[in-house]
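Student: I am new to this structure and should be grateful for a close look at a single part of it. Please choose one strand and explain how it sits among its surroundings.

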Amino acid sequence: FRIMAGKVKWVTDIEKSVLINNFEKRGWIQVAENEDWNFYWMSVQTIRNVFSVETGYRLSDDQIVNHFPNHYELTRKDLMVKNIKRYRKELEKEGSPLAEKDENGKYIYLDFVPVTFMLPADYNLFVEEFRKNPSSTWIMKPCGKAQGKGIFLINKLSQIKKWSRDSKTSSFVSQSSKEAYVISLYINNPLLIGGKKFDLRLYVLVSTYRPLRCYMYKLGFCRFCTVKYTPSTSELDNMFVHLTNVAIQKHGDDYNHIHGGKWTVSNLRLYLESTRGKEVTNKLFDEIHWIIVQSLKAVAPVMNNDKHCFECYGYDIIIDDKLKPWLIEVNASPSLTSSTANDRILKYNLINDTLNIAVPNGEIPDCKWNKSPPKEVLGNYEVLYDEEMAQSDGADRDLRSRPGQSTGVKGSRARDSGKPVLTTWK
């Protein structure tokens, strides 16, 4: 049989039954089926096994898998921040206009992740930052968990010390027995709709990192909290106020099982255009696309760009009340479970469109093809960034800071001109 996101051709019903049971035990998820072929998503653990040096496994030309071997450089919370920080410093060294800072030392164009530290490693740095603004609220997240597990908010240093003791670690120096956490400045002025906090779940498909080619899915959605937002310190422990994860919100008393607390991105656009205006709404979404491209460029140099791989990421973006977007995290395995009827339609189309790009025309996969599908197979995807095209079109000719580094208008003062910001790096 052939792994695709694994493509499998059945010979007999008995063989089909045996293989399905085997796949399910290995953590593979069946996502599509027709008369001759079946498609499977591999879990991240299965990917580790496939690319492990110990297994000695080698993929053949007609085997395509749905994760890059070291996808965690982007999808682990600590590594994502580390790679973005490294990317900023590299651009600074090169004198790129992208790395320009304001009079307070803040990045003008690359300030899209909240101030973040790794614990326990950066504890002293965190304390120094905390004391600059002791009334601030911070959010702690375990690096290797998802669905809101293990997340909590703090606004006192004593709460960190309690967490440390509860984690059975007597010193912040000793890290061997302790799970790594990230601690980030909490965005305590989120944009509210109906008094409730929400974030965006956007899907981005990467077919290759070198050259970078990525696609934006048009049918993302907003995830709303079930309880109205308040910055009150008395509600710091109420995750129904602060965390938008469906895995948490579905247990709330006010959870609506019909719409699942979700809005489509198109509905959000209409709402913002009617309340804030079309120009600022376009600017917001352009900045969201900018964040996604820059985060992918940040990890591209360290990503193992295996020709057998593609990946559909789930981006979590939060918007503050000044309409500034912030990158919260990137998911390697965004949930494909449907919680509502609309959810099921969206995710069915997402899987279908993803496979049409990864394996055009439903043919036998070939990892050697140039991964540039015709427009008619994109479905609800649109090209977000194509590095080869950007270079050949000269879209970055005026502000190119290095070969392959397209900066576009974000590297200029175009945003200060009062005119709509056009996307030139697509």
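Tutor: What follows is an account of strand β9, its partners and the parts around it.

The model is a predicted one. Its chain holds 12 helices and 15 strands, and buried residues make up 51% of the 426 residues. Of the contacts between residues at least 6 apart in sequence, 67% join residues at least 24 apart.

Strand β9 covers residues 196–209, and because 13 of its 14 residues are buried, the strand is largely enclosed by the rest of the structure. Its pairing may be followed one partner at a time. Just before it in the chain comes strand β8, residues 192–193, which pairs with β9 in the antiparallel sense over 2 bridges. In this pairing Leu 192 has Lys 197 of β9 as its bridge partner. The two strands form a hairpin with 2 residues between them, and there Gly 194 takes a positive phi near 65°.

A second hairpin is formed by β9 and β10, again with 2 residues between the strands. Strand β10, residues 212–217, runs antiparallel to β9, and 5 bridges join them. One of the pairs in this arrangement is Val 204 with its bridge partner Met 216 in β10.

Val 204 also stands opposite Tyr 313 in β13. That strand comprises residues 311–319 and pairs with β9 in the antiparallel sense over 7 bridges. Strand β11, residues 221–224, is likewise antiparallel to β9, to which it is joined by 4 bridges. Here Leu 200 stands opposite Cys 222 in β11.

The side chains lead from the strand to the interior. In soluble globular proteins, nonpolar side chains tend to be buried together. In this model the largest nonpolar core has 61 residues, and those with the most contacts inside it are Leu 74, Tyr 209, Leu 296, Tyr 313, Tyr 315 and Leu 327. Helix α10 gives the most to this core, with 10 residues. Another core, of 19 residues, lies apart from it and includes Ile 64, Cys 312, Val 359 and Tyr 381.

Tyr 209, at the end of β9, deserves attention in its own right. Leaving aside neighbours within four places in sequence, this residue is in contact with Phe 68, Leu 74, Leu 296, Val 299, Ala 300, Met 303, Asn 305, Tyr 313 and Glu 387. Leu 74, Leu 296 and Tyr 313, which appear among these contacts, are also listed with Tyr 209 among the residues with the most contacts inside the largest core.

Another tyrosine of the region, Tyr 203, belongs to one aromatic cluster together with Tyr 215, Tyr 217, Phe 221 and Tyr 381. The structure holds 13 aromatic pairs. One of them is Phe 126 with Trp 138, whose ring centres are 5.0 Å apart and whose planes stand at 85°, so this pair is edge-to-face. Because Phe 126 lies in helix α5, residues 123–132, and Trp 138 in strand β5, the pair ties together parts that are 12 residues apart in sequence. Both Phe 126 and Trp 138 are buried.

Tyr 203 is also touched by Lys 347, whose other contacts, not counting residues up to four places away in sequence, are Lys 262, Ser 335, Leu 336 and Thr 337. Lys 347 lies in helix α11, residues 341–358. With a relative accessible area of 5%, Lys 347 is buried, because the limit for that term is under 20%. Between Lys 347 and Leu 336 there are 11 places in sequence, and their C-alpha atoms are 6.1 Å apart in space.

A final point concerns the cysteines. A disulfide is a covalent bond between the sulfur atoms of two cysteines. The count of disulfides in this model comes to 0. Cys 367 offers an illustration: the closest cysteine sulfur, in Cys 309, is 9.6 Å from its own, too far for a bond. Cys 367 is nevertheless buried, at 4% relative accessibility, and Cys 143 is buried too, with a relative accessible area of 3%.

To return to the strand, β9 is largely enclosed, with 13 of its 14 residues buried. Its antiparallel partners include β13, over 7 bridges, and β10, over 5 bridges.

Note on methods
Residues are numbered from 1 along each chain as its sequence is written. This is a predicted model: local features need pLDDT of at least 70, side-chain atom pairs count only at pLDDT 80 or more; totals for chains, interfaces and linings use all residues. Side-chain values use heavy atoms; hydrogens and water are left out. A disulfide is a pair of cysteine sulfur atoms within 2.5 Å. Buried means under 20% relative accessible area, exposed over 50%, partly exposed in between (1.4 Å probe, protein chains only). A nonpolar core is a set of buried Ala, Val, Leu, Ile, Met, Phe, Trp, Tyr and Cys residues joined through side-chain atoms within 4.5 Å. Contact means heavy atoms within 4.5 Å. Two strands pair if DSSP finds at least two bridges between them. Rings of Phe, Tyr and Trp (its six-membered ring) pair if their centres lie within 6.5 Å; planes under 30 degrees apart count as stacked, over 60 as edge-to-face and the rest as tilted.
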